[in-house]
Every structure is written in structure tokens, then in C-alpha cells.
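Visitor: Please take me through this model, beginning with its aromatic rings.

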Amino acid sequence: VIRVAREHVLRTLDVLRTCGGGVRECVIYWLADLTGTEVQDVIHPEHTATAVGYMVDSAWITTFFVQLAATRRRAVSQVHSHPGDWVGHSSTDDEFGLVPSPGFVSVVCPRFGQVEDSDRFGIHLLGPDGRWMPARDAVEW
Ligand SMILES: [Zn+2]
């Protein structure tokens, strides 16, 4: 279970809204230390996006993982926005998890982040069999 403080939820929503401008998806990574489950930082990667998808810069990802190792932190969740109210996982979402390890969490935020709180987010957990499953309780708000 990942624990995320309200300040990080608000920061996440702010970036999703600002970057997406109400017309594009956006993506955020939540970091914790190597053994902890408390979100410590919110990272906005270099990415491109359309109304129906996003792509993170591959050189940025390489640098990001080097920095994570150097600072002894890990990405525990990715959070991305969808255009409407649907917060399920598309096949693309299934395929492009940042970290392909069981326990990694993917959060989907509706309406390009133009919501007040986390209650309408979709929460997905990568299972030991490599498949994503809905997991409402994988995040503690
Ligand atoms: Zn963005």
C-alpha cells in the first residue's frame, strides 16, 4: 500500500491540469525511498502528449533511473490523466508501465486532472503474474 499525503495529491493535480491545459494527457511519477511506501516526491517527466495518449522521452527515462539509484529512491507509482471520466487501463496503459515489477501502481486521473480530489481516480496494481488489476486500496490517501 502506497501512502500519499494531500500536498502531493494537490501538486499532482496541479501539474496534470497545467501541463494538459484541459486538452492533453500528462504523466507524473511518485517517488518513495527504497524500502518505504510513503510518497516523498512528485516528478513530472519530459513527455509529449495528445488528447488520448502520452510518450515519455526515452533519454529522460535513462537519466531518471540513474538519478533514482544515486539518491536511493524508487518510483512506486505513475499517475496519468485521461480525457473523460473513464479511469480504466487501455491496452497502451497496460503496456507502458514505467516499472514492470509486481506491486507497481498505476493511477488514472479523469478529466485531464480537472477534479477536486482523488475519489474518482482509477487505481491499478501490477500483479505477480504481470497483469494489471483494479486495486482501490493500493493507495492510502
Ligand atoms: Zn505533463
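**Rings, cores and a metal site**

Visitor: How many aromatic pairs are there?
Guide: In this predicted model, the count comes to six aromatic pairs, where rings of Phe, Tyr and Trp (its six-membered ring) pair if their centres lie within 6.5 Å; planes under 30 degrees apart are stacked, over 60 edge-to-face, the rest tilted.

Visitor: What about tryptophan 30 and tryptophan 141?
Guide: Their ring centres lie 6.2 Å apart and their planes meet at 80 degrees, so this pair is edge-to-face. It links distant parts of the chain: tryptophan 30 is in strand β2, and tryptophan 141 is in the segment after β10 (139-140), 111 residues apart. Helices (H or I, at least four residues) and strands (E, at least two) are DSSP runs, numbered from the N terminus.

Visitor: Buried or exposed, tryptophan 30?
Guide: Tryptophan 30 is buried, at 0% relative accessibility, while tryptophan 141 is partly exposed, at 39%. Buried means under 20% relative accessible area, exposed over 50%, and partly exposed in between (1.4 Å probe, protein chains only).

Visitor: Which residues do ring pairs link into a cluster?
Guide: The cluster consists of Tyr29, Trp60, Phe64 and Phe65.

Visitor: A word on conventions, please.
Guide: Because this is a predicted model, local features need pLDDT of at least 70 and side-chain atom pairs count only at pLDDT 80 or more, whereas totals for chains, interfaces and linings use all residues. Residues are numbered from 1 along each chain as its sequence is written, and side-chain values use heavy atoms, without hydrogens and water.

Visitor: On to the zinc ion, then: which are its protein donors?
Guide: They are Cys19 (SG), Cys26 (SG), His44 (NE2) and His47 (NE2), at 2.0 to 2.3 Å from the metal. Donors are N, O and S atoms within 2.8 Å of the metal (3.2 Å for Na, K and Ca); water is not among the atoms, so sites may look incomplete.

Visitor: And what is the geometry of the site of the zinc ion?
Guide: The site is tetrahedral, with angles of 104 to 119 degrees among its four donor atoms; that label requires all angles of four donors to lie between 85 and 135 degrees. The ideal tetrahedral angle is 109.5 degrees.

Visitor: What spacing do the donors follow along the chain?
Guide: The spacing is C-x6-C-x17-H-x2-H. Within it, cysteine 26, in the loop between α1 and β2, and histidine 47, in strand β4 (residues 47-50), are 21 residues apart and link distant parts of the chain. Cysteine 26 is buried, with a relative accessible area of 0%, and histidine 47 is buried as well, with 19%.

Visitor: Which residues have the most contacts inside the largest nonpolar core?
Guide: Of its 23 residues, these are Ile28, Trp30, Val105, Val107, Phe121, Ile123 and Val139. At least two residues come from each of α1 (6-20), β2 (27-33), β6 (73-81) and β7 (105-109). Helix α1 gives the most, with four residues. Another core, apart from this one, has 15 residues, including Tyr54, Trp60, Leu68 and Ala75. A nonpolar core is a set of buried Ala, Val, Leu, Ile, Met, Phe, Trp, Tyr and Cys residues joined through side-chain atoms within 4.5 Å.

Visitor: Where is histidine 8?
Guide: Histidine 8 is in helix α1, and is buried at 12% relative accessibility. Leaving aside neighbours within four places in sequence, histidine 8 is in contact (heavy atoms within 4.5 Å) with Val39, Gln40, Asp41 and Val42.

Notes: Four donors count as tetrahedral if all angles lie between 85 and 135 degrees; four count as square planar and six as octahedral if opposite donors are over 155 degrees apart and all others between 65 and 115; anything else is irregular.
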